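Work through the exercises below with the sequence and the coordinates side by side. Each task is followed by a stepwise solution.

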Amino acid sequence: YLVGRKHKRLFDRAGITGPKAWPLVGNAPLMINESPKTVFDLQWRLIQTHGKNVRCQILQDRGFMTADPKMIEAIMSSQQTIQKNNLYGLLVNWLGDGLLLSKGKKWFRRRKIITPAFHFKILEQFVEVFDQQSAIMAKNLYDRADGKTVINMFPVACLCAMDIIAETAMGVKINAQLQPNFPYVQSVKTASGMLAERFVNPAQRLDISMRLFFPSAFAKLSANIKAMQDFTNNVISERRDLLQKSISDGTYETTNASPLDDVGQKRRMALLDVLLQSSIDGAPLSNEDIREEVDTFMFEGHDTTTSSIAFTCYLLARHPEVQARVFQEVRDVLGDEKDAPVNIQLLGELKYLECVIKESLRLFPSVPIIGRHIVEDTLLDGKLIPAKTDVMILIYHSQRDPDYFPEPNKFVPERFSPERKGEINPFAYTPFSAGPRNCIGQKFAMLEMKSTISKMVRHFELLPLGEDVQLVLNLILRSTTGINVGLKPRVY
Ligand code: HEM
């Protein structure tokens, strides 16, 4: 009660208002007729009525939502507000205390040692994986590329993204695109789907309620999480043994070198190899420490890029003039041979494609909402925010705010052209978050997206077939109607 009074007093003073809260349940009744499909509209209505900061309370969780770039800047830039809120709790069973979920000193130390894993030199060698896996994606699509068949790009991009992240994070090929029934692939798909469901279903949100009311679903989820963790643990043990062997037989090379593998080719460093060679205060990371991080990469690094690749293909299909310009750039930079390999420098030259991907992430941010928990009284954008406040940062809404983006619902890649640099407020546009807790994989993601999308455009003309998207807020942004295109092989 006292916490509630303090919140009310400080929020009133800060001018942050919201819909009427009921005793005990707060604003929960507001959600009764809502669903993950309508929640974006509800948030728009609340913003229109109460402004860009909206007070809200679900049961005893008190806080506010913000789509205000000034507030977003204050939260994302501060070291004091980097703790995640309890919505992320449902990922703990899988990801443990990995980078996405950890807090305080642990997060800080982990972030410091994981950052070099995303160094240019490491990313450079991943481009080959991006290229090879997107070639498989394109090849698999030919039998449906008749100009008439509707293709939902989400599952297609998902298998490709899974292949990419498994090979780069763990150094193993799981062949998701060639054998989608491989048990590990099935477990990742099942667990990601079930976690997305838990996110939108309050009755499944807490372990205890899911165990009680959905015992078989809980058992299924737990079994799939265990299967994924066993797989990751085995890979880690094998790679650690290899590392130890190379140290004892004198063939050990450091992170930046590329030792030769059994067949005399340069062996690619996986993200986990970098972690195996890292230490905190002289002590190496344990297998469990590494497992948490590798599983975090597997989770954060496949659904997000899947969503973005699929939405970008969808937008290109529906904007032929933009697609023509992308195709021209791709031909100019990569040439006319569809399967000629790409590299990091060539991808860097695809400037217009980069604008297209950025604009696609503005309209369809893979992570539409992120959460923080404010632990102690904190001054943010001149407002004293009380301790124990949950914040939801409405990335989707701030990126469609007409005050910051004229004609906000229009797909205009030129907004991001180098000539217009400086026109976009960096805290109105945060698809990768910003500040100390931003996405560590954003350069990785951009290279992956450029590889896969350029490959699609080199092989196919994308056509506006199938139903339009119907957005739904899941763990990531998805569409209930699919993310549809048609394809026609390119002749040139
Ligand atoms: C289009 C692709 C991607 C998007 C839009 C995206 C977006 C984001 C966002 C918004 C966050 C902040 C989450 C939060 O504060 O709760 C985040 C964090 C993170 N992302 Fe990404 N991400 C993408 C791809 C990737 C990839 C490919 C990887 C790894 C290979 C990755 C690894 C991570 C990790 C480890 C964090 C946690 C960082 C920390 O808390 O220090 N992401 N990402």
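The exercises cover confidence, overall fold and the ligand shell of a predicted model.

**Exercise 1. Judge the confidence of the model.**

Step 1. Start with the global scores: ipTM is 0.99 and pTM is 0.94.
Step 2. Go to the residue level. Mean pLDDT for the protein is 91, with 97% of residues at 70 or more.
Step 3. Find a weak stretch. Over residues 255-265, pLDDT stays under 50. The model gives this stretch 13 contacts beyond four places in sequence.

**Exercise 2. Describe the overall fold.**

Step 1. Count the elements: the protein has 19 helices and 13 strands.
Step 2. Test compactness. The radius of gyration is 23 Å, close to the 23 Å from the globule rule for 492 residues, so the protein is as compact as a globular protein of that length.
Step 3. Add the extents. The C-alpha trace spans about 70 × 55 × 45 Å along its principal axes.
Step 4. Look inside. Of the 492 residues, 44% are buried.
Step 5. Check the contact range. Among contacts with a separation of 6 or more, 74% join residues 24 or more positions apart.

**Exercise 3. Map the shell around the ligand.**

Step 1. Count the residues around the ligand: there are 23. E300, G301, T304, C439 and G441 come nearest.
Step 2. Assign helices. At least two shell residues come from each of α13 (287-300), α14 (303-318) and α19 (442-459).
Step 3. Sort by chemistry. The shell holds 11 nonpolar, eight polar and four charged residues.

Technical notes
Residues are numbered from 1 along each chain as its sequence is written. This is a predicted model: local features need pLDDT of at least 70, side-chain atom pairs count only at pLDDT 80 or more; totals for chains, interfaces and linings use all residues. A residue is near a molecule or strand if its C-beta atom, placed from the backbone, lies within 6 Å of it. Helices (H or I, at least four residues) and strands (E, at least two) are DSSP runs, numbered from the N terminus. Ala, Val, Leu, Ile, Met, Phe, Trp, Tyr, Cys and Pro count as nonpolar, Asp, Glu, Lys and Arg as charged, and the others, Gly among them, as polar. The radius of gyration is taken over C-alpha atoms; the globule rule is 2.2 Å times the number of residues to the power 0.38. A residue is buried if 20 or more other C-beta atoms lie within 10 Å of its own, exposed if 12 or fewer, and partly exposed in between; C-beta atoms are placed from the backbone. Two residues are in contact if their C-beta atoms, placed from the backbone, lie within 7 Å. pLDDT is the predictor's confidence in each residue, from 0 to 100.
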